[in-house]
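Work through the following exercises with the sequence and the coordinates open, and try each task before reading its solution.

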Amino acid sequence: MAPPSIYGEPKIRSENGSVFLEVIATGADVAKIQWFFGADELEENEFLKFSHADEGGNRTKFIAEIKDFDKPLAGEYKAVFANNDGENSATFTVTAGNAPDFHDKPHIVQRDNGNVIVIKVRAKSHLEMKAEWFKDEKPVKFTDRVKAVVKKDDKDKDGYQFLLEIHGPQKDDEAKYKCVVKNSEGQNQQSLNLVFD
């Protein structure tokens, strides 16, 4: 036997917020596949799934799915295949396109003597963008008391401020809040913990 060989070109595709890395290898031992991001070997978790499929002719398609892909996950990925005669590898350079950027860390601002708490996120994008707010990983329920506000950023012509306003804050408003900002080319996110003294 010979070391594994790569069949065709490795492919990168995106679908429903996930990025899929796909490569077909000939003669690879499916038990010996390793995936790397930079120098770090990757382990499966809730955001990263590995699979393979028999393509016939001693060829196997190996797939890595990166869920909820956003900018910090861009970079160089590598799949290393092995069999008893040696190894081979395929490299994927994953870019985040022009996903939104953040200007700043998220801030908490108090108004009206603390009767209104505002979580402020500043983001910019050359494409139309929208924000989704999460409280402890669940979508925020908007009410008369909890509101999402969007306004132009007075310091940047491409920027917007995404605000989560909490009127009459209560103890159960304490949580980890996350703002996911999306445009047609990707997404980015910031989070902070809201704790009352």
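**Exercise 1. Decide whether Asp-173 is buried or exposed, then describe its surroundings.**

Solution. Begin with the accessibility: Asp-173 has a relative accessible area of 3% and therefore counts as buried, where buried means under 20% relative accessible area, exposed over 50% and partly exposed in between (1.4 Å probe, protein chains only). The model is a predicted one, in which local features need pLDDT of at least 70 and side-chain atom pairs count only at pLDDT 80 or more, whereas totals for chains, interfaces and linings use all residues. Residues are numbered from 1 along each chain as its sequence is written, and side-chain values use heavy atoms, with hydrogens and water left out.

Next, place the residue: Asp-173 lies in the loop between β15 (159-167) and β16, strands being DSSP runs (E, at least two residues) numbered from the N terminus. Then list its contacts (heavy atoms within 4.5 Å): leaving aside neighbours within four places in sequence, Asp-173 touches Lys-135, Arg-145, Ile-166, Gly-168, Leu-194 and Phe-196.

Finally, look for a charged partner among these contacts. Asp-173 forms a salt bridge with Arg-145, and the closest N and O atoms are 2.9 Å apart; a salt bridge is a side-chain nitrogen of Lys or Arg within 4 Å of a carboxyl oxygen of Asp or Glu. This pair links distant parts of the chain, since Arg-145 sits in the loop between β13 (138-139) and β14 (146-152), 28 residues apart from Asp-173. Arg-145, at 22% relative accessible area, is partly exposed.

**Exercise 2. Find how many salt bridges there are, and examine two further pairs.**

Solution. By the rule given above, the count comes to eight salt bridges. Take Arg-122 and Asp-104, which form a salt bridge whose closest N and O atoms are 3.3 Å apart. Arg-122 is in strand β11 (residues 116-124) and Asp-104 in the loop between β9 (101-102) and β10 (107-111), so that distant parts of the chain, 18 residues apart, are linked. Arg-122 counts as buried at 12% relative accessibility, while Asp-104 is partly exposed, with a relative accessible area of 28%. Extending the search, one finds that Asp-104, Arg-122 and Asp-153 are linked in a network of salt bridges.

The other pair is Glu-174 with Lys-171, with the closest N and O atoms 3.2 Å apart. Here Glu-174 counts as partly exposed at 23% relative accessibility, and Lys-171 counts as exposed at 62%.

**Exercise 3. Identify which residues touch the most other members of the largest nonpolar core, and which elements supply it.**

Solution. A nonpolar core is a set of buried Ala, Val, Leu, Ile, Met, Phe, Trp, Tyr and Cys residues joined through side-chain atoms within 4.5 Å. The largest has 19 residues, of which Leu-21, Trp-35, Phe-81 and Phe-92 touch the most other members. Two or more residues each come from β2, β6 (59-66), β7 (75-83) and β8 (86-94), and the largest share, four residues, comes from β2. Leaving aside neighbours within four places in sequence, Phe-92 has contacts that include Pro-10, Ile-12, Leu-21, Val-23, Trp-35, Tyr-77 and Ala-79.

**Exercise 4. Describe the largest pocket: what is its volume, and which residues line it?**

Solution. On a 1 Å grid over the protein atoms alone, where a 1.4 Å probe is used, a pocket is an open set of points with protein on both sides within 12 Å along at least five of seven lines, and lining residues have an atom within 4 Å of a point. The largest pocket has a volume of about 400 Å³, a volume being the space filled by probe spheres set on the points, which are joined across faces, edges and corners. Of its 21 lining residues, Phe-47, Lys-67, Asp-68, Leu-73 and Gln-189 are the closest to its centre. The elements giving two or more residues to this lining are β12 (130-135), β16 (175-183) and β17 (186-194), and β16 gives the largest share, four residues.

Last, sort the lining by class: it has nine nonpolar, three polar and nine charged residues, with Ala, Val, Leu, Ile, Met, Phe, Trp, Tyr, Cys and Pro counted as nonpolar, Asp, Glu, Lys and Arg as charged, and the others, Gly among them, as polar.
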